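Trainee: I would like to take a close look at a single part of this model, following one strand and its surroundings with some care.

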Amino acid sequence: SSTSSLSLVSSPSSPALHFIGKKEDIVRAGRVTKLVNGCRDVLVLYHQGQLYAMDRRCYHSGGELQNGDIEEFNGRLCIVCPWHKYKITLAEGEGLYQAVENPTVKPIRTYWCSKGVKQRVHKVTEVGGNIFVTLNDSSKPIESDVYQVEKYRTMPESK
Ligand code: FES
């Protein structure tokens, strides 16, 4: 039953799962933003049958990723930041960009590159139709961390 699954969740040895919402509601909405554990401003996305979670504010300049389009680049699903169109992979939080193969050769040909992980992504777990996020507590700094301060957290009163 869901009760027995949930008792595992509170086991002190396992990382904390934070309730986000009912899966059916998140699937319907497509995107949900939530201040998790009173400290982390997180965006949970549902796209093509998968759930993803990442810091809500874009690593570049704090853009609001919940308003970005989801597109595929080089076979990888990305959120495109609405502010300056940076592309961030949904699964890993990698920043993707197009590099020029050889600037002296015309026409210019480009290829996709990764800047590495720039956006902190979090783990999503489903337990009995409820969706939980486990915060990624890797001690290695990730660029999106700088927007996880109170002044960027203020949410608009209405959507
Ligand atoms: Fe996201 Fe600039 S703030 S691309």
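How many bridges join β1 to β11, and do they run parallel or antiparallel?

Mentor: In this predicted model, β1 and β11 run antiparallel and are joined by four bridges. One of the pairings places H18 opposite V133, its bridge partner in β11. On the β10 side, strand β10 (residues 121-127) also pairs with β11 in the antiparallel sense, here over five bridges, and T125 stands opposite F132. The connection between β10 and β11 is a hairpin with two residues between the strands, and G128 in that turn has a positive phi of about 55°.

As for burial, β11 is mostly covered, since five of its five residues are buried. In a regular strand, side chains alternate between the two faces of the sheet. In β11, N130, F132 and T134 point one way while I131 and V133 point the other way, and the residues of both groups are buried.

F132 deserves a closer look, because with a relative accessible area of 6% it falls under the 20% cut-off and counts as buried. The structure holds four aromatic pairs, and one of them is formed by F19 and F132, whose rings lie 5.7 Å apart centre to centre with 65° between the planes, an edge-to-face arrangement. F19 belongs to strand β1 (residues 18-22) and F132 to strand β11 (residues 130-134), so this pair ties together parts that are 113 residues apart in sequence. The F19 partner, at 43% relative accessibility, counts as partly exposed, whereas F132 is buried.

Another ring pair can be set beside this one: the centres of Y147 and Y152 are 4.9 Å apart and their planes stand at 80°, so that pair is edge-to-face. Here Y147 is buried, with a relative accessible area of 12%, while Y152, at 22% relative accessibility, counts as partly exposed.

Away from the strand itself, the wider setting includes the largest nonpolar core, which has 13 residues, with L45, M54, C58, L65, I79, I88 and L90 making the most contacts inside it. Strands β3 (40-47) and β4 (50-55) each supply at least two residues of this core. Apart from that core lies another, of 11 residues, among them I26, V42, V44 and L135. In soluble globular proteins, nonpolar side chains tend to be buried together.

Note on methods:
Residues numbered from 1 in each chain as written. Predicted model: local features only at pLDDT ≥ 70, side-chain atom pairs only at ≥ 80, totals over all residues. Heavy atoms only, no water. Core = buried A, V, L, I, M, F, W, Y, C linked by side-chain atoms within 4.5 Å. Buried < 20%, exposed > 50% of the residue type's maximum accessible area, 1.4 Å probe, protein only. Phe/Tyr/Trp six-rings, centres within 6.5 Å; stacked < 30°, edge-to-face > 60°. Pairing = 2+ DSSP bridges.
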